[in-house]
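Please open the model in your viewer and keep the selection tool at hand, since this tour moves from one selection to the next and says what is there at each stop.

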Amino acid sequence: MTDIFTRLKQDHDRHREMLERVADTSGDTKERRESFEQLRIDVSAHANAEEQSLYAEMLARPDLQDKGRHSVAEHKEAEDYFEELVDMEFSSTGWLTRFKTLKERLEHHMNEEENEIFAAAKKDLSKAREEELARIFNERKPVEKQEVA
């Protein structure tokens, strides 16, 4: 069984690839719209499942609450960027500028989670609990829904 940290990192690696794919598009094309929508749905599903597994655990532990709250706030920030981008003209330079800001924020968030948040949480969690949290995450975001065309 995969632990929660390995499972989340797998999603992060895929999200980095998806971010690059969208960044490499131009104009209001089918490719940009489909790649962006795929990214938006997957990141949202990931954030929700992460909040219901790892972050629910962290928020229940006083020594991890601040880090948990910080990451949940960054999830909300990303959601706000996605909503803003959906309402913009996909062909505008403003769209690409805003997308690049989202990309930078998501990359920062993923790196921070992998290098700081996960390390802090690992100290408090048993291997069995890490695996249980991965099971909860996978129930909320099944692996088969993650396939990228």
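A residue is called buried here if its relative accessible area is under 20%, and F90, at 4% relative accessibility, therefore counts as buried. Keep in mind throughout that this is a predicted model.

**First stop: the aromatic rings**

With F90 still selected, add R33 and look at the charged end of its side chain, which sits over the ring of F90 at 4.0 Å from the ring centre.

Next, widen the view to the aromatic side chains, of which the structure holds six pairs. One of them is formed by F36 and W95, whose rings meet edge-to-face, with 5.4 Å from centre to centre and 75 degrees between the planes. Colouring the helices helps at this point, because F36 lies in helix α2 (residues 30-52) and W95 in helix α5 (residues 93-124), so that the pair ties together parts that are 59 residues apart in sequence. If you switch on a surface, you can check that F36 is buried, with a relative accessible area of 1%, and that W95 is buried too, at 0% relative accessibility.

How are the rings of F90 and W95 arranged, stacked or edge-to-face? Their centres lie 4.9 Å apart and their planes are at 25 degrees, so this pair is stacked. To see the wider group, select F36, F82, F90, W95 and F99 together, which ring pairs link into a cluster.

**Second stop: T101**

Now move to T101, which is found in helix α5. T101 is partly exposed, with a relative accessible area of 24%. Select A78 as well and draw a distance between the two C-alpha atoms: T101 and A78 are 23 residues apart along the chain, and these atoms are separated by 9.9 Å.

**Third stop: helices α1 and α2**

Finally, show helix α1 (residues 4-23) together with α2, and turn the view until both axes can be followed. The two helices pack at an angle of about 155 degrees, with their axes 10 Å apart. Since angles over 145 degrees count as roughly antiparallel, α1 and α2 are therefore roughly antiparallel to each other. The crossing in which α1 passes α2 is left-handed.

Which residues should you display to see where these helices meet? On the α1 side, the contacting residues include L8, D11, H12, H15, M18, L19 and V22, while on the α2 side they include S35, F36, L39, D42, V43 and H46. F36 thus brings you back to the ring pair with W95.

Technical notes
Residues numbered from 1 in each chain as written. Predicted model: local features only at pLDDT ≥ 70, side-chain atom pairs only at ≥ 80, totals over all residues. Heavy atoms only, no water. Phe/Tyr/Trp six-rings, centres within 6.5 Å; stacked < 30°, edge-to-face > 60°. Helix = DSSP H or I, 4+ residues; strand = E, 2+ residues; numbered from the N terminus. Buried < 20%, exposed > 50% of the residue type's maximum accessible area, 1.4 Å probe, protein only. Lys NZ or Arg CZ within 6 Å of the ring centre and 35° of its normal. Axes fitted to C-alpha atoms, helices over the stretch in contact; angles between N-to-C directions. Parallel < 35°, antiparallel > 145°, perpendicular 65-115°, else oblique. Left-handed = near helix turned anticlockwise from the far one by under 90°. Contact = heavy atoms within 4.5 Å.
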